[in-house]
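Student: I've got a fold open on my screen and a few things I'd like to talk through. Can you help me read it?

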Amino acid sequence: MLRMALDVNWKQHLTNKEVYGTLPRATMKIQERRMRLAGHLQRHPELTASSLLLWEPKHGARTRGRPALTYVDNLRKDSGLSETREIAGLMADRLLLRRHINARTLKLP
C-alpha cells in the first residue's frame with residue numbers, strides 16, 4: 001500500500017527496508033493497543049470483561065494439532081512476561097504499564 005502511495009514502481013527494485021524506513025510495523029501497533037485495552041479492563045473491576053480478561057480454562061482437553069492462541073497467550077507474548085500474576089500486576093499500575101509498552105514498542109526489528 002505504501003508503495004502505491006509513494007508511486008514506487010516495481011522496476012525500481014526498492015527493498016521493503018528502503019520503502020518503509022523507520023515506520024513502525026502494524027503488528028507493533030496492534031500489540032500496543034491490545035496491552036492498553038487489557039490494562040484498562042484490568043483496572044476497572046466493575047466491568048464484566050475485567051473478570052474474564054486473564055481467565056484460563058482449567059478443565060477439558062484441547063483438540064489435536066497446534067493449540068489455538070488464547071487472549072492470555074497473546075498478552076504473554078506481547079508483554080514478555082510468563083506468569084498471569086505478573087501481567088495482572090503490570091496492568092494494575094498505569095504508569096508502569098505505559099513505560100513497559102513504550103520500551104517494547106520503541107524497539108524496531
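Here is a short chat about this predicted model.

Student: How many helices and strands are there in the protein chain?
Tutor: From the N terminus on, the elements just run α-α-α-α-α-α-α. So the tally, with helices given before strands, is 7 and 0.

Student: Is the protein chain more spread out or more compact than a globule?
Tutor: Start with the globule rule, which gives 13 Å for 109 residues. The radius of gyration here is 18 Å, well over that figure. The C-alpha atoms fill a box of roughly 55 × 40 × 25 Å along the principal axes. Compared with a compact globule, therefore, the chain is more spread out.

Student: Which class has 5 residues in the contact of H3 with H5?
Tutor: Helix H3 (residues 26–42) and helix H5 (residues 71–79) pack at about 115°, their axes 10 Å apart. H3 brings Gln31, Arg34, Met35, Leu37 and Ala38, while H5 brings Tyr71, Asn74, Leu75, Asp78 and Ser79. Take away the 3 polar and 2 charged residues, and the class with 5 is nonpolar.

Student: And what is the handedness of the crossing where H3 passes H5?
Tutor: This is the helix pair with axes 10 Å apart. H3 passes H5 in a crossing that is left-handed.

Student: Does Thr84 count as buried or exposed?
Tutor: Thr84 sits in helix H6 (residues 84–92). Beyond its neighbours within four places in sequence, Thr84 contacts Leu54, Glu56, Val72 and Arg76. Its relative accessibility is 19%, and the cut-off is under 20%, so Thr84 counts as buried.

How values were computed
Residues numbered from 1 in each chain as written. Predicted model: local features only at pLDDT ≥ 70, side-chain atom pairs only at ≥ 80, totals over all residues. Heavy atoms only, no water. Axes fitted to C-alpha atoms, helices over the stretch in contact; angles between N-to-C directions. Helix = DSSP H or I, 4+ residues; strand = E, 2+ residues; numbered from the N terminus. Left-handed = near helix turned anticlockwise from the far one by under 90°. Contact = heavy atoms within 4.5 Å. Nonpolar A, V, L, I, M, F, W, Y, C, P; charged D, E, K, R; others polar. Buried < 20%, exposed > 50% of the residue type's maximum accessible area, 1.4 Å probe, protein only. Rg over C-alpha atoms; globule rule 2.2 N^0.38 Å.
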